[in-house]
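Q: Please take a close look at one part of this model, the open sheet, and describe how its strands are arranged, what lies across them, and how the neighbouring elements take part in lining a pocket.

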Amino acid sequence: MSCPVYSLVGWSDSGKTTILEKLVPALKRRGLTVAVVKHEGHEFEMDTPGKDTWRMTRAGADVTAIVSGTHAAVLENRPLTLEETVARIRDVDIVLTEGGKEGPFPKIGVVRGKGLPPVKGEYILVMSDEPVQTDVPVLRLNDIEALADRLTKDMEGQASIRKATLEDVAGIVRIYDEIHTEEEAGRTTTGWIRDIYPTGRTAEDAIRAGEMFVREAEGRIVAAARINQVQDPAYAQAAWETEAPPERVMVLHTLVVSPSVKGRGYGSSFVRFYEQYAREKGCPYLRMDTNVRNTAARALYKRLGYREGPVIPCTFNGLEDIRLLCLEKTL
């Protein structure tokens, strides 16, 4: 997996640059290597008129680079998206972008006077000294150490997700059983049925295919999901908003989080892992499903920027009379 990327977004003069100036050394003190990308909405000039690299650019070079014993710089004399620019960065632990409201990366909102701007995707955190209507945590603008701690924790969470082995079956099944118990007690509404779906066979098949991932915390497995490019047959009945070639679609199946760790952000971090995994595999089209009754899952995916599509009546993995809600997102 490549490194995590976070975008600081806000209206002009909200203080994004000031926060970044303080955040970078805070992350460095935690032993991290850091890259920063500025998203600029206007034309800019990086080179010095009259210098050799400037002259080569004016001569028509598509890429101009300069190397010394201590520094190196590469100037692309052609337009790149924020995502393409980030993809060119190597050998750092974290990338921070200033701006990028329409970009695909998790957003940190910076508020000073004008409220939160609309963005593509999700806010995971807001920095503000004034009341803000949001469902995500809010930190004060000068609480840089708390921001650095939260980013570090989020990074550690994504790093704790790995491919499962057959030794993990028991831990995964334990979560399935916990969710079945919650369903039977009426405390959740997944629509799943014990001994039908999901079961130990569900986990074993995914592991043998090399497609099951697990999240560990506190010495045990607390979340799991299958990630692959296999779309359920019911998807063929869906009128997807975005047409996508199958080879560029990535699907998230059967995401489960132990009810004992509910509310700690494990579901959100797992979805972010899935999105990063899809980017690295060249699959910008994300698809998944949930039971239309599963209000908790629907709320999570909506907050993470997924669009709800059609509801497909079907038999799903042995479960009869399911109303399958299809969800999608484009990176």
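A: In this predicted model, the open sheet is built from 6 strands with parallel pairing, and their order is E2-E5-E1-E6-E7-E8. Its edges are formed by E2 and by strand E8 (138-139), each of which pairs on one side only. Within the sheet, strand E1 (residues 5-9) and strand E5 (residues 94-98) run parallel and are joined by 4 bridges, and in this pair Val5 stands opposite Val95 of E5. Helix H1 (residues 16-29) lies across E1, E2 and E5, and also across strand E6 (107-111) and strand E7 (123-128), with its direction at about 170 degrees to that of E5.

The edge strand E2 (34-38) also supplies at least two residues of the lining of the second largest pocket, as do helix H2 (52-58), strand E3 (63-67), strand E4 (72-76) and helix H3 (82-87). This pocket has a volume of about 1500 Å³, and of the 33 residues that line it, Phe44, Met46, Val74, Leu75 and Glu76 are the closest to its centre. The largest share of the lining, 5 residues, is contributed by E4, a strand that spans residues 72-76. By residue class, the lining of the second largest pocket divides into 15 nonpolar residues, 9 polar ones and 9 charged ones.

Definitions and conventions. Residues numbered from 1 in each chain as written. Predicted model: local features only at pLDDT ≥ 70, side-chain atom pairs only at ≥ 80, totals over all residues. Heavy atoms only, no water. 1 Å grid on protein atoms, 1.4 Å probe; cavity = no way out; pocket = protein on both sides within 12 Å on 5 of 7 lines; lining within 4 Å. Points joined across faces, edges and corners; volume = space filled by probe spheres on them. Nonpolar A, V, L, I, M, F, W, Y, C, P; charged D, E, K, R; others polar. Pairing = 2+ DSSP bridges. Contact = heavy atoms within 4.5 Å. Axes fitted to C-alpha atoms, helices over the stretch in contact; angles between N-to-C directions.
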